[in-house]
Amino acid sequence: VLSKMTKEELIESGEDPEDPGGYFIVNGSERVVVIQEDLAVNRILVDVMEGTSPVTHIAKVFSATSGFRVPVTIERMKGGDLQVSFPSIPGRISLSIIMRALGIASDKEIVEFVSSDPEIQKSLIPTLEAGMEINTVDDALDCIGNRVAIGQTRDFRIQRAEQILDKYLLPHLGTGKEDRKKKALYLGQMAEKLIELSLGRRKPDDKDHYA
């Protein structure tokens, strides 16, 4: 209403003609639209870690679906192995164990899910070595389940690990058993970007860029 009034009409109405406006009265209360910056969701961002951290490079994505969002991180340790972390599981878990738990049974497949580039594949050797004691999908699931269902039976631990991977790992790709291969491919893409950064083939992402 006030936007259509002249300066004189505003004064007659008891309004301040110099009021900059930009707010609304909703149910008798003043409300303002506030601009808020936030990191883009469902987008892989890679960065170089500085200082004395045991992590040299990091890839992170905020996986968002209706209702909640989950940060999923892959970190490259000083030894060269890649470790995955997300809120539902305490600590870090080797990428090779997570990939195997998602149904990617062999080392050859895990490497192919990341890249077909020989140099990048060679960089995955420390990651494969970190999970070399875990040989089957069930062993990988049990390894994850052991973190969240300590003292339970093996069957229960495996079932709990499956529930966590389906619901809380990259939920924007889906939350069903049939989505596990997509999640493995996405983790592979994150790992590829991370290794490319460590090899100097790409620059760190600018997380403050408005895109």
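Asparagine 42 counts as partly exposed, at 31% relative accessibility. It sits in the loop between E2 and strand E3 (45-48), and its phi is near 55 degrees, a positive value in a residue other than glycine. Keep in mind that this is a predicted model. Below are the turns, the surface patch, the helix packing and the salt bridges, taken one topic at a time.

**Positive phi in the loops**

- Asparagine 27 also has a positive phi, about 50 degrees, although it is not a glycine.
- You'll find asparagine 27 in the loop between E1 and E2.
- Asparagine 27 counts as exposed because its relative accessibility is 81%, whereas asparagine 42, at 31%, is partly exposed.

**A nonpolar patch on the surface**

- Tyr23, Ile25, Val32 and Val34 come together as a nonpolar patch on the surface.
- Taken together, those four residues of the patch have about 400 Å² of accessible area.
- One of them, valine 32, belongs to strand E2 (residues 29-32).
- With a relative accessibility of 52%, valine 32 counts as exposed, since the cut-off is over 50%.

**Isoleucine 144 and the H6/H7 crossing**

- Helix H6 (residues 137-148) is home to isoleucine 144.
- Isoleucine 144 has 0% relative accessibility, so it counts as buried.
- Leaving aside residues up to four places away in sequence, isoleucine 144 touches Ile89, Ile93, Ile97, Ile98, Ala101, Ala161 and Leu165.
- Measuring C-alpha to C-alpha, isoleucine 144 and lysine 177 are 16 Å apart in space, and 33 residues apart in sequence.
- The axis of H6 comes within 7 Å of the axis of helix H7 (residues 154-168), and the two cross at roughly 85 degrees.
- That crossing makes H6 roughly perpendicular to H7.
- On the H6 side, the contact is made by Asp138, Asp139, Leu141, Asp142, Ile144, Gly145, Asn146 and Val148.
- On the H7 side, the contact is made by Arg154, Arg157, Ile158, Arg160, Ala161, Glu162, Ile164 and Leu165.

**Two threonines in two settings**

- Threonine 127 lies in helix H5 (residues 125-130), and at 2% relative accessibility it counts as buried.
- Beyond residues up to four places away in sequence, threonine 127 touches Gly80, Asp81, Leu82, Ser94, Leu95 and Ser96.
- Threonine 175 is placed in the loop between H7 and helix H8 (180-198), and its 49% relative accessibility counts as partly exposed.
- With residues up to four places away in sequence set aside, threonine 175 touches Asp166, Lys167 and Lys183.
- Threonine 175 and valine 46 are 129 residues apart in sequence, with their C-alpha atoms 25 Å apart in space.

**Salt bridges**

- Side chains of opposite charge can pair when their charged atoms come close.
- This structure holds 15 salt bridges.
- One of the salt bridges joins the side chains of glutamate 18 and lysine 7, at 3.8 Å from N to O.
- Glutamate 18 is in the loop between helix H1 (7-12) and strand E1 (23-26), and lysine 7 is in helix H1, so the pair ties together parts that are 11 residues apart in sequence.
- Glutamate 18 is exposed, with a relative accessible area of 58%, while lysine 7 is partly exposed, with 48%.
- Glutamate 119 pairs with arginine 201 in a salt bridge whose closest N and O atoms are 2.7 Å apart.
- This pair links distant parts of the chain: glutamate 119 is in helix H4 (residues 118-123) and arginine 201 in the segment after H8, 82 residues apart.
- Both ends of that bridge are partly exposed: glutamate 119 has a relative accessible area of 42%, and arginine 201 is at 41%.
- Aspartate 205 and lysine 193 meet through their side chains in a salt bridge of 3.7 Å, N to O.
- Aspartate 205 lies in the segment after H8 and lysine 193 in helix H8, so this pair ties together parts that are 12 residues apart in sequence.
- Aspartate 205 is partly exposed, with a relative accessible area of 25%, whereas lysine 193, at 14% relative accessibility, counts as buried.
- Asp139, Asp142, Arg154 and Arg157 are joined into one network by salt bridges that share partners.

Key. Residues numbered from 1 in each chain as written. Predicted model: local features only at pLDDT ≥ 70, side-chain atom pairs only at ≥ 80, totals over all residues. Heavy atoms only, no water. Patch = residues over 30% accessible without salt bridge, like charges linked within 9 Å, V, L, I, M, F, W, Y side chains within 5 Å. Areas by Shrake-Rupley, 256 points an atom, 1.4 Å probe, with all protein chains shown as cover. Helix = DSSP H or I, 4+ residues; strand = E, 2+ residues; numbered from the N terminus. Buried < 20%, exposed > 50% of the residue type's maximum accessible area, 1.4 Å probe, protein only. Contact = heavy atoms within 4.5 Å. Axes fitted to C-alpha atoms, helices over the stretch in contact; angles between N-to-C directions. Parallel < 35°, antiparallel > 145°, perpendicular 65-115°, else oblique.
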